[in-house]
Amino acid sequence: MTLIKIPPSWQLPESQVTPEAVFLNRRRFLQGAIGLAATTLPLTACSTPDSTTNKEAAYQNLIKNPNFVDVGRPVTAEHLTSTYNNFYEFGTGKSVWRAAQALPLDNWKIEVTGLVSNPRTYDLDDINRKFPIEERIYRFRCVEAWAMVIPWVGFPMRLLVQDVQPTSAAKFVRFTSFYDPKITKGGSLLGSRPWPYTESLRVEEMNNELAFFATGIHGKPLPKQNGAPLRMVIPWKYGFKGAKSIVKIEFLPTQPATFWNTINANEYDFEANVNPFQPHPRWSQATERIVSDAPSLLWETRQTLPFNGYAEYVANLYT
Ligand SMILES: Nc1nc2c(c(=O)[nH]1)N[C@H]1C(S)=C(S)[C@@H](COP(=O)(O)O)O[C@H]1N2
Ligand SMILES: [Mo]
């Protein structure tokens, strides 16, 4: 039994010096003490740590992927990422976070089907056990021209692709969000829409290094309004391509219909790569506004970058 050294807060990188970090370090110390006591128990009393413990340990020793620690802009504050959202199942405004608390996470299942050798239905324990989590700081760009910088926690999509083994006939993947009109009551506010929310990628896009499933944000599990328990993060595409609260993933031979593309293909093209030179029919995409505490009219304006700054990773997918 080795005692875990608890670094004093002045040794932590600045980004970790938060009230939560203080809380987590105290917990780590307590668990160390409990671990010590457990060594005095007979061996039969020891069980393998359950996945909840695994998950807590993973967050306490969160691996920060060194390739994605700096995007040349400050990380957006947690009180902004958690209160300025799009989640139309729960309402049309940006303040849907309160209504989104109705999302039921208990007994969540993610069904992976279609053209795969190894179809699977994962529960959250399976996800936590199978896919080691890491932190990646990505730029985030909504088609509405607002932008953030978000410290996601999760795992690369290609790990799941490897687990289910698509057949050579699989060309597209459809992702479906949770929908139950008794719960996702905001859905009907938009009038008749092609619910549930779906999005799609080509299999090669899903296998790109950047394509990510987020299960956390700001060093903690995802809040419901950000798409708990698992959402897509495709940083080189507009935000609407990142479906939240995924319940189903299907590997398909042809391009499926998707939510926004069905509503208006002219405004929401299937590919939806961030592109400063391709204006939205109703506004320019040449610049973007950085979400901040200031009134939105005063938000800082920056140039939009092709592929949202990720051309070196993804441009080869579109030649
Ligand atoms: N299921 C679902 N997923 C969704 C949406 C939605 O309304 N429903 N909105 C999309 C849009 S337009 C954006 S910009 C992002 C917003 O993610 P955030 O609220 O975590 O910033 O989620 C995307 N995923
Ligand atoms: Mo968006």
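Ala, Val, Leu, Ile, Met, Phe, Trp, Tyr, Cys and Pro are counted here as nonpolar, Asp, Glu, Lys and Arg as charged, and the others, Gly among them, as polar. On this basis, the shell around ligand 1 in the predicted model comprises 8 nonpolar, 6 polar and 3 charged residues. In total, 17 residues surround the ligand. Asn 85, Tyr 88, Glu 89, Gly 242 and Lys 244 are the closest. Ligand 1 occupies the second largest pocket.

Three side chains provide polar atoms at short listed distances from the ligand. Glu 89 places a polar side-chain atom 2.8 Å from a nitrogen atom of ligand 1. The side chain of Ser 177 has an N or O atom 2.9 Å from a ligand nitrogen atom. Arg 231 approaches an oxygen atom of ligand 1, with a polar side-chain atom at 3.0 Å. Taken alone, the ligand exposes 540 Å². The protein buries 99% of that area.Asn 86 was examined next. This residue belongs to the loop between α3 (78-81) and β1 (109-114). Its side chain makes a polar contact of 2.8 Å with the side chain of Lys 94. A polar contact of 3.3 Å links the side chain of Asn 86 to that of Glu 144. With neighbours within four places in sequence set aside, Asn 86 is in contact with Lys 94, Cys 142, Glu 144, Trp 146 and Lys 244. Of these contact partners, Lys 94 and Glu 144 are thus joined to Asn 86 by side-chain polar contacts. Lys 244, another contact partner of Asn 86, is also listed among the closest residues to ligand 1.

Backbone geometry has several features of note. Ala 145 is not a glycine, yet has a positive phi of about 80 degrees. Ala 145 lies in the loop between β3 (134-141) and β4 (146-156). Trp 146, a contact partner of Asn 86, is numbered at the start of the range given for β4 (146-156).

Two cis peptide bonds precede proline residues. One runs from Trp 195 to Pro 196, with omega near 0 degrees. Pro 196 is located in the loop between β5 (172-177) and β6 (198-202). Ser 177, whose side chain has an N or O atom 2.9 Å from a nitrogen atom of ligand 1, is numbered at the end of the range given for β5 (172-177). The other cis bond joins Ala 228 and Pro 229, with omega about -5 degrees. Pro 229 falls in the loop between β8 (220-221) and β9 (231-233). Arg 231, with a polar side-chain atom 3.0 Å from an oxygen atom of ligand 1, is numbered at the start of the range given for β9 (231-233).

Methods
Residues numbered from 1 in each chain as written. Chains lettered and ligands numbered in written order. Predicted model: local features only at pLDDT ≥ 70, side-chain atom pairs only at ≥ 80, totals over all residues. Heavy atoms only, no water. Helix = DSSP H or I, 4+ residues; strand = E, 2+ residues; numbered from the N terminus. Polar contact = N/O pair within 3.5 Å; in protein donor to acceptor, adjacent residues only side chain to side chain. Contact = heavy atoms within 4.5 Å. Near = heavy atom within 4 Å. Areas by Shrake-Rupley, 256 points an atom, 1.4 Å probe, with all protein chains shown as cover. 1 Å grid on protein atoms, 1.4 Å probe; cavity = no way out; pocket = protein on both sides within 12 Å on 5 of 7 lines; lining within 4 Å. Sits in = over half its atoms within 2 Å of the grid points.
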